[in-house]
Amino acid sequence: MIARRAILIRLPRDKCDVNYIRRLMALTNLAHRGFEVWVPDLPKSIQYQIYGFKSYKNSLMFGTAPKRWFAKTWVPLKTLRVYGDGTRKGATDALVILDFKKNVIKIHQVCKNEPGYSIEVPMPRWVVERVNEGGDIKYAMIGLKNDKPYLALVAERVVEPYVPSGCRLVVDVNAWNNGVAYGIINPSNKIAEYSPLRPNLRLIDTWYHKAEKLSKKLGKLKRLGLDSTPEAKGLRREIKALRRKVYAYLRDFAQKKAHELVMKALRLRAEVLIDDMIEESRRELLEMKLPRGLRKVYLAETRRFVKLFTTQLQWYGVPYEFKRLPSTVCPICGHKLIQERGRVMACTNCGFKAPRDKVPIHWALKAMPKAKVSPLDESPMPLGSTATHEPTPIAHVGEVEAPRRNT
Ligand SMILES: [Zn+2]
């Protein structure tokens, strides 16, 4: 089984010609549609590479065709890897060179239409980590996202799914106000650990309400016809910065926690059960009568969390499965649970009682009454994994990770 993970690296804008990259993307779009257009003023080496991908059977990038005619299509590029011991792997005519000796990535000719033009960016730690895990960066892509130039790197690794130890890690994904609850069920069917993972809600609320307050102030200025004054401009900037801060914080939190949980599963050789009933959380938020903006914030990056989590589980060969684990139905007798104060769920029929976030863990206990320990199983494929030997288009690589900032 081949697992893939991807990362986006922002390229220095002053060293890239955005219009040139846009033209390359248009050419790639045409290639997807079976057109070979040889543009005289574009380097032949790039065009050869694009059309080379078309006939290349295991093409990663040409797995799915863009739906619209002028859809922005990322430009697939081969890579050459130069390792610390001097060995080289990949295409000798590659325009993207990963130099592990000097710890840089060299990008030739795709950033600006000038003969021999190249730029150098530092090697992200992410790449080194993937390579140390036995991964290989065979492909790269260049393209624009929100009109900014990026290089995408795709890591590939052959994974052997592991033999489960009988431990299960249950992950219940909710909106951030309740967070992601996880529980560990040990091989003797006891809940060994249980904890909700919640971001700093007070911080989020503070930022959110501050932005709201400033928006009101800005609205007032607008009504007075003063929306192009320096004061209004300053307010607008401040609001934008606050909102960006909220989302950046949640994105970071999601990424960190997804990674931590994957590492936990790996350490325990656990099987993973995921309940991603984000819809249920949405309904719950509606019932709480929260302002619409805050509702949106609490749901932000929850889907991304699930994507990141499953992509990494695949990468490390951890078997996982999606399972509906209700939190409002009694896991003992199936009676409807009522919610008491402090989000405690109680069954009026059999007396079962548990914190709301822990109910799914009890369901998981019931769903898998006996751990499946089968060391001689011939096909220990991940239960919910979709990974196969088929070429996977980039759209299926899972969530693209953000490089960690060096602090
Ligand atoms: Zn009951």
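Colleague: What relative accessibility does C350, in this predicted model, have?
Modeller: Residues are numbered from 1 along each chain as its sequence is written, and side-chain values use heavy atoms, with hydrogens and water left out. As this is a predicted model, local features need pLDDT of at least 70 and side-chain atom pairs 80 or more, while totals for chains, interfaces and linings use all residues. C350 counts as partly exposed, that is, between buried (under 20% relative accessible area) and exposed (over 50%), with a 1.4 Å probe and protein chains only, because its relative accessibility is 38%.

Colleague: Which residues hold the zinc ion?
Modeller: Look for donors, meaning N, O and S atoms within 2.8 Å of the metal (3.2 Å for Na, K and Ca). Here the protein donors are SG atoms lying 2.2 to 2.3 Å from the zinc ion. They belong to C330, C333, C347 and C350.

Colleague: And what geometry does the zinc site have?
Modeller: Four donors count as tetrahedral if all angles lie between 85 and 135 degrees. The angles among the four donor atoms here are 103 to 116°, so by that cut-off the site is tetrahedral.

Colleague: How many residues apart in sequence are the parts that C333 and C350 tie together?
Modeller: The donor residues of the zinc ion are spaced C-x2-C-x13-C-x2-C. C333 sits in the loop between β13 (320–322) and β14 (337–340), and C350 in the one between β15 (344–347) and β16 (353–355), so the parts this pair ties together are apart in sequence by 17 residues.

Colleague: Moving to the inside, which helix gives the most to the largest nonpolar core?
Modeller: A nonpolar core is a set of buried Ala, Val, Leu, Ile, Met, Phe, Trp, Tyr and Cys residues joined through side-chain atoms within 4.5 Å. The largest one has 94 residues, with V272 and F305 among those with the most contacts inside it. The top helix (helices are DSSP runs of H or I, at least four residues) spans residues 230–268 and gives 12 residues: helix α5.

Colleague: Is D99 buried or exposed?
Modeller: D99 lies in strand β4, residues 96–99 (strands are DSSP runs of E, at least two residues). Polar atoms of its side chain lie 2.9 Å from the backbone nitrogen of K101 and 3.1 Å from that of K102. D99 also touches V82, V104, K106 and M123, leaving out residues up to four places away in sequence (a contact is heavy atoms within 4.5 Å). At 7% relative accessibility, D99 counts as buried.

Terms used. Four donors count as tetrahedral if all angles lie between 85 and 135 degrees; four count as square planar and six as octahedral if opposite donors are over 155 degrees apart and all others between 65 and 115; anything else is irregular. A polar contact is a pair of N or O atoms within 3.5 Å; within protein, one must be able to donate a hydrogen and the other to accept it, and residues adjacent in sequence count only if both atoms are side-chain atoms.
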